[in-house]
Structure formats: C-alpha cells, structure tokens
Amino acid sequence: MKCIYNNYEFENRVNNLSWTISGKYDEDIHTSEQDYTSKDAALYFAIMLGARHKYVDWNIVRKYLLSRMKKGYDYNSILSLTQIGLNRIVEEKIIKERPGVNDIRQKAYKDILDGFTKIYNEDVLQKVKYALVLEGMGKHPKTDGLSRRIINSIKEIDIDESLINILQTIDVIYLKHFEQILSGEQEEEGNSADYEYNNDIEFDTFSDFMYEELYSDDQDKFLENEINNISSSMLVESVGDSEIDLSNNSSNRIICVDEETLDKIYTKMEYYYGKTYLNKNEIKRIEANNCRNIHEGCRIHFTEGVLRSECTNIAQIKYVTRQKENNISKFRDKVKVHKRNIVKLKENLSRILMEENETSRIYSDCGTINANKAWRATRSNNKKIFYKDIENEKGRYVIDILLDSSGSQSRNQANVATQAYIITKALTMVGIPNRVMGFSSFMDYTILKKFKDYEDRVEESENIFEYFCAGNNRDGLAIKSACYGILNRKEENKILIVLSDGKPNDVKIGKDRERTIRGEMAYRGMVGIKDTANEVRRARQQGILVLGVFTGKEIDLEAERLIYGRDFIYTKDIERFSDIVSIYLKKIIRN
C-alpha cells in the first residue's frame, strides 16, 4: 500500500490490517501499488483485501472463469459479473462481522468518486457497478429496468452459501440476462427465461477437469492478471476515470505467460485433443505459411479426436463418448425424417449431376456425318447433316464443410451434427469427395478436428456425431488452414461451406516480452471480422467457392456480410442446414 501522504505509522497500520482481517498470517498477501489521497480509501482497501483472502478461494474462481471461457461465454461480461457478485458477497460478510466497516466504505466511496472526471455508463454492467457503489454510500440511484433486475438477482445471492453455489448462481444470472443482451435481443419485463442449473459444476465437464490439471496452484496461472485485478482492487475503482489511474482493466484479451508455462501448454495439447495425424515437418510447413501477421505465434493442431487417435486421457475419452451418444440419441429421435432427407438430397444431387453429365448433340455443317440426314446435301437448303457431341466441361467437384465448434454453438450441437451427417452421407453416396472438419481454439492453438476425409467410406460419416462445442474460434486461421487441404485436390470445382455465428473470438497468449514488443490486438470484433473476410477473399482468389451459413443473431448480420459478401445464407433454424446446402449446390452445378 502506498499513500501519497507521508505517514509511516498509518501505512504500517493498513498493511497489517489485511493480515488481521484475513486471519491467514502465513500467506503472502500482496498490497496495492495504487496511490490513495484519502486515508478512508486506503483503510477500506486494506479491509477488503484481507476480506477477499478470507472469504474467497481464488483458485476455484480461476477454474470457474476458465471453464466459462472454454464454453464460449463473453469473457468480459462473465469476468465483470463475477467481480460484482463476489464484491457484494465479501462486503456483506465483512460488514456483518464488523459493522463499523460500513461507515468506512461510505467515506471511501465518496472520496474516490469525487476524484473521477467521468463515470462509465456505456453498457449495462457499468451501470450496475455504479448503482451498487451509490447504494453502498446509502443513496437510492435511479436505474433502468434491466439494470435493476440484474442488481436484484445479485442481491438474492445467499452470502452464507458455499463459493461453488455462489458461482453457480452467478452463472444462472449470466445465462438469464446476458445471452440476450449480447445477441442484441431486448429482455422484456417479466419474460426473462428461468434456467435450471446442473449442480455438477465442480469439474464434471470437459473444460473443468482439463483446466484443473493444466492450471493447478504450482503450475500455470495464465489468468493471473485478471484474477489479481478482482482480488486486489475495489469495485468502485472500475466505475469511472480520474487523473489518478485507479484501474488496470483492459479489454484487450492478450494473456501473457512465461516461457515455461507456454511449453507446458503446447506439450499437453495432444493429451486433451488426440494425437495429430500429420508429421512434424508438415505441421511446421503449414504453420509457417499460415501463422503470420495477426496469427503470428499461433499454432495449428490437426487431429481426428481422442476416439480415433492415440490418447491416454481416459476422462476425456469418456466425455467425448458421452457427447457422441447424446448426438446420436437426438438423431434417432427423428430417424425416419432424417433418413428421408438423406435420400431426398442424394436423389436431387444425382439427378443434377446426371443432367450435367449428359452429352449434348448439336447439328452443324461440319463434324461427324449423320447418315440418316445425308440426303439433305442435294435436296434441301438445310446443309446441317453433321453433328458434334458436346461433353460436360465443368469438371468434377470436391467439397469441404467447416463447422464452428466453439462454445457459442453448444446449444445447436446435436442439430449441427445431424445436419452435417445428412449432407456428407448424401454427398458420399453420389460420389462427390467431401471432408468435414470442426474448428475451435484453445490458447494459441487452432484445433481442426477431422470427422470425415475425402476418400472415406460412407460408414465413416457417423464420426461426425463426435462433434461437440467448447472453446473460442479463430475463424480466419481455420479457413486458411482448411484451404491448404482442398487446394491440393485435383478436382476442378472446389467448394468450401463454413457454418458459424459470424463472431470470431479468441484469446491470445505467448511470451511476455514478445507480446510487449509486438503490441498485438485481441482477436475479436472488427479485428477478427476483417481478418476472416481477408481469408475468404484469398480463398476465392485461389479458385475456391466459399459459402457462409450464418447461425447467429440478426444483430451480427452485418458482420457476416462483411466476411462473406453476397455468398452467405442466414438461417434461424439450424435444421435447414442440409436444405440450404442442397439449394446452393444445385445453383453451383447448374451454373
């Protein structure tokens, strides 16, 4: 703790106060490097620092945030919501234990707010933070309906519950309010969805147990900056701007780790996603060609998944097996309908290909003579007694289907798997080579999981039911890497179909010194959209027909247009995916 007034006794008092509050004298509780002109602010900070170490296990919080990031939650939203929820719990508990803290809080909040020249109110969480600070000062701020409902939900959290249960409640609040906010839909009064939450949050999911092993206390702490920001600062510091910088918050999702941590992450990749089917030299060549500019420092992992490649991770194998069984179960619920769709798509494609492969005969004044019309040579003005057979010159077709496998698609998981299965089975049955891959990202890795390859038998199409959604998505790098395979095919007509929500969104990590020197941007928003659009244009310049199938919200339609231009289709019903592909292929083949 640094106070910019010169009072050694007071500084020593507030430094010792944190240990007294926490009761954990053997822990190294780091004091803030912030300067406080107010003694009340400095005193309250010391109280809250000790209380946060007393009431919150930050290792559990780290695992929770990692698992939500893996599931595709908007990271800034869930991080801020967690900060707000835990701040309220800690404040209520310490005030309940030491009632005099309430007066110190009011004075500290007032002193800090007085120093602000600007109050943030651009989004709902900023409004929620400011309203809670004002309420902590004993005021009754006016808020809009949505902010008030979120505040009420936060206040309903039982402060005496376990940390796991508190985090579960925060998760419910996020699902109840923020998925609609982020999708651009307006939440109507009284119409917010009620969510039943699974109590198996403690590492029973793929992301949880993965992170539990990757990031234990004595290993990796790649979220250290974010967690420290919550555990070592006051909520009031993030509600405004002042001449004295009181906040280290950053929306730029570039996470810096040391070289040892980075190496551990890289060596663990095959353990969690399955062994790669490419040799090291080929991977290096692909990464050298693709991982440039904004993707510099990224890596690519080509795999067939843990069920069809070498993997010793029993827990992961069980998880993927369970996801596959769930997808197959959903398929069997409407198996007759799906089988009819397969037959229908197969027949349509067969008919179109047959029509296109038919030889067209035209009559002319030169070519091969038609004996039946030779008499016209001397008895008629129509001299076209010769004919020419015109063969189909369009050539053969090859198709890549690239499925967004990030956490944002988790609600459509079974439907996406079913529709992809319908398409690839029909294509294989009519003899069109096709490959199906899912893409997601984890750390600096873009994972391309191959469900079916070009020359696989029709029975191999069932591997698509291994599709599951987790992590983030670096769309530009995924598209660029997928093009590597299809460009090596000999077919004249190359088609790439990409199913996504049109929202590239990825976390970047790497060595501290490299990130500092390069000053990289986070892969999200316009940065990710422009990069993905550039890769789509580059693919088209190389002769690949690219179609985007958009499954996101209407608010993101403009981003999809920027990425795919005119060649994209928007569908609110993912079950129409196979119909959309059928219509597109008919158009391509006939034109």
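Q: Some vocabulary first: helices (H or I, at least four residues) and strands (E, at least two) are DSSP runs, numbered from the N terminus. Which residue just after α20 takes a positive phi?
A: This is a predicted model, in which local features need pLDDT of at least 70, side-chain atom pairs count only at pLDDT 80 or more, and totals for chains, interfaces and linings use all residues. Residues are numbered from 1 along each chain as its sequence is written, while side-chain values use heavy atoms and leave out hydrogens and water. Helix α20 takes in residues 557-564. Just after α20, phi goes positive, at about 65°, in G565.

Q: What arc do the buried residues of α20 cover around the axis?
A: Buried means under 20% relative accessible area, exposed over 50% and partly exposed in between (1.4 Å probe, protein chains only). In α20 the buried set is L557, A559, E560, I563 and Y564. They sit on the same side of α20, because their arc (taken from the directions from the helix axis to the C-beta atoms) is only 155°.

Q: How are the ring planes of Y44 and Y109 set, stacked or edge-to-face?
A: Rings of Phe, Tyr and Trp (its six-membered ring) pair if their centres lie within 6.5 Å; planes under 30 degrees apart are stacked, over 60 edge-to-face, and the rest tilted. There are nine aromatic pairs in the structure. For Y44 and Y109, the centres are 5.9 Å apart and the planes meet at 85°, so this pair is edge-to-face.

Q: How many residues apart in sequence are the parts that Y44 and Y109 tie together?
A: At 1% relative accessibility Y44 is buried, and Y109 is too, at 2%. Y44 belongs to helix α2 (residues 39-55) and Y109 to helix α5 (residues 101-114), so their pair joins parts separated in sequence by 65 residues.

Q: Which side chain of opposite charge is nearest to K129?
A: K129 sits in helix α6 (residues 124-136). It's buried but has no salt bridge, meaning a side-chain nitrogen of Lys or Arg within 4 Å of a carboxyl oxygen of Asp or Glu. Lys and Arg count as positive, Asp and Glu as negative, with His and the chain ends not counted. At 7.5 Å away, the nearest opposite charge is D123.

Q: Which ring has K450 over its face?
A: A charge sits over a ring if NZ of Lys or CZ of Arg is within 6 Å of the ring centre and within 35 degrees of the ring normal. R489 does this over Y454, at 4.5 Å from the ring centre. K450, at 3.8 Å from the ring centre, lies over the face of Y277.
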